[in-house]
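Biologist: I should like to go through the terms used for this structure and hear the reasoning behind each of them. Please set the values against the criteria as we proceed.

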Amino acid sequence: MADPKGFIKYGRKEGGYRPVAERVDDYGEVEQTLNVADRTLQASRCMDCGIPFCHWACPVGSKIPEWQDAVYKGEWKLASEILHSTNSFPEFTGRICPNPCEKSCVLAIHEEAVTIRENECSVVERAFEEGYIEPRIPAHRTGKKVAVVGSGPAGLSVADLLNQAGHSVTVFEKDDAVGGLLRYGIPDFKLNKKVIDRRVAIFEKEGIQFKTNVSVGETVKGEELAKEYDAVVLTIGAMQPRDLPVEGRDLDGVHFAMDFLKQQNKVNRGEVFTNGDRLLATGKNVLVIGGGDTGSDCVGTSNRQKANSVTQIEILPKPPQKRAAGNPWPYWPTTLKTSTSHAEGCERKWSLNTKRFIGENGKLKQVELVEVEWTKGDNGQWQMSEKPETAYKMDTELVLLSMGFVSPVHEGLVKEFGLELDARGNIKVDAQYQTSKANVFAAGDASNGASLVVTAIAKGREAAKSVHEFLTKE
């Protein structure tokens, strides 16, 4: 282990964030970094627990005590190699992962967890600076061809492992640039897109082919890929958003969160939208419906667009500040989360349901909300009911629906292949990630349901191993 008394001698220290007054005027990453000396001391706090709960909680199974020890000893190359042994791109998770590892760190019992996520990011950035991360050209090719549909974290993980196994991999992406929701779902102030470009450039040198602006199922038929390639892997995400079918839903001013976020990321890349197509919060009273990370991203983007006011509501009750009795360590804490975007300015409300949208001449003007309460029924299930005489109207010119995603989009490729779906509408796969169609596999949110980036990476890696076995079986 690093320092047997490190966790006693040194307290938790984070890099912190750029000042609010500075960061709300740009889309640069908000997080700051520690210097090498402080980072080394933070690594020394890892106790190398006999049972590493951090490793247990990490979807990719990161060998956290091992690489923390390497950081403490100044062996940055070794630390990078250990990180990459379970994760194709720790520079992504080191920036945007909600770090379930830290929530189950033994020191988290006293709310002083090791700074795992920040240390991870520092390792991979140091490795890039020192030239430790270089293209790894496969020594031989198997002659097998694989098509990966979708270039998000799951698709990139699949492509990386199968390419390293010697198969020829082509990744198809419907948008104009690689990255999926990493590119067009996560704001630049959380993930600078040059970080994606840097990794993709390495993948290209390693032999992976990327074809953008290709919508498989439309511009290219899935059946064509199934015939041309030995295996097809669908990593198309769970992009069907949960809608809110109430009166006034069709008013101008009510939009899905992802349309709003994607457009801003495209604008940051230099794309120009006409006034009629541009979704702007500037000068408007913005209401974000949904209390998750995507909703938080809408808050931060609205602040940068200089909204008049930003309010975020959630239908569920306000979470507690500390773990409840039924939510013990080392499980994920269902507690109140305040993001950097919330700190920039946002009124947050809980236990509110949306009754209707109210407009004038086709444009949104108000929303009617009502307070709700949650009670547990005789069957043990939570039930929602409206509180009498609590309905009220709120002025708003822009509503962003951020209530999660229900399934992959079925129109197009999924229907063309006639794939079997599970009860939630996800692509049904077996233990080997194979779908109901021969030589077609699925991974990530498309089969697992909407989840974390780190989970998509893990599922992609697992699927790649199954596809490799499929391609090499006698």
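Modeller: The discussion below takes up the sheet, the helices, the aromatic residues and the backbone of what is a predicted model.

Biologist: What is the order of the strands in the open sheet of five strands, and with what pairing?

Modeller: The order is β3-β2-β1-β4-β16, and the pairing is parallel. Neighbouring strands of this sheet are turned by 20 degrees against each other on average, direction ignored.

Biologist: Why are β3 and β16 called edge strands?

Modeller: Strand β3 (209-211) and strand β16 (440-442) each pair on one side only.

Biologist: How do you know that β2 and β3 pair?

Modeller: Pairing requires at least two bridges between two strands. Strand β2 (residues 168-172) and β3 have three bridges in the parallel sense, so the criterion is met. F172 has K211 of β3 as its bridge partner. Strands β1 and β2 are joined by five bridges and also run parallel, and there V146 has V169 of β2 as its partner.

Biologist: What makes β1 largely enclosed by the rest of the structure?

Modeller: Of the five residues of β1, four are buried, so the strand is largely enclosed.

Biologist: Which helices lie across β1 and β4?

Modeller: Helix α10 (residues 153-164) lies across β1 (145-149), β2, β3 and β4 (231-234), and runs at about 165 degrees to β2. Helix α19 (residues 453-472) lies across β1, β4 and β16, at about 165 degrees to β4.

Biologist: What puts the buried residues of α6 on the same side of that helix?

Modeller: The buried residues of α6 (residues 76-84) are W76, A79, S80, I82 and L83. They cover an arc of only 165 degrees around the axis, and therefore lie on the same side of α6. Their packing partners are α3 (36-43), α5 (64-72), α7 (90-96) and α9 (116-130).

Biologist: Why is the contact of F53 with W56 called an edge-to-face aromatic pair?

Modeller: Two conditions apply: ring centres within 6.5 Å, and planes over 60 degrees apart. F53 and W56 are 6.3 Å apart, centre to centre, with 85 degrees between the planes, so both conditions are satisfied. The count of aromatic pairs comes to seven. F53 and W56 also belong to one aromatic cluster with W329 and Y331.

Biologist: Where do F53 and W56 lie, and how many residues apart?

Modeller: Both lie in helix α4 (residues 53-57), three residues apart, which is about one turn of the helix. An α-helix has 3.6 residues a turn, so residues three or four places apart point the same way.

Biologist: Why do F53 and W56 count as partly exposed?

Modeller: The class lies between the buried limit, under 20%, and the exposed limit, over 50%. F53 is at 25% relative accessibility and W56 has a relative accessible area of 49%, so each is partly exposed.

Biologist: How do you know that a charge sits over the ring of F128?

Modeller: The charged end of R198 sits over that ring, 3.7 Å from its centre, and the distance limit is 6 Å. K145 lies over the face of Y229, at 4.9 Å from the ring centre.

Biologist: What makes G222 a buried residue?

Modeller: Its relative accessible area is 0%, and buried means under 20%. G222 lies in helix α13 (residues 222-228). Leaving aside neighbours within four places in sequence, G222 is in contact with V216, G217, L413, E416 and F417.

Biologist: What is notable about the backbone at P330, S351 and N439?

Modeller: Most residues other than glycine have a negative phi, and most peptide bonds are trans. The bond from W329 to P330 is cis, with omega near 10 degrees, and P330 is in the loop between β8 (309-314) and α16 (340-343). S351 has a positive phi, near 55 degrees, in the loop between β9 (347-350) and β10 (352-360). N439 has a positive phi of about 60 degrees and lies in the loop between α17 (413-417) and β16.

Biologist: Are S351 and N439 buried or exposed?

Modeller: S351 is at 16% relative accessibility and N439 is at 15%. Buried means under 20%, so both residues count as buried.

Definitions and conventions: Residues numbered from 1 in each chain as written. Predicted model: local features only at pLDDT ≥ 70, side-chain atom pairs only at ≥ 80, totals over all residues. Heavy atoms only, no water. Helix = DSSP H or I, 4+ residues; strand = E, 2+ residues; numbered from the N terminus. Axes fitted to C-alpha atoms, helices over the stretch in contact; angles between N-to-C directions. Contact = heavy atoms within 4.5 Å. Phe/Tyr/Trp six-rings, centres within 6.5 Å; stacked < 30°, edge-to-face > 60°. Buried < 20%, exposed > 50% of the residue type's maximum accessible area, 1.4 Å probe, protein only. Lys NZ or Arg CZ within 6 Å of the ring centre and 35° of its normal. Arc of directions from axis to C-beta.
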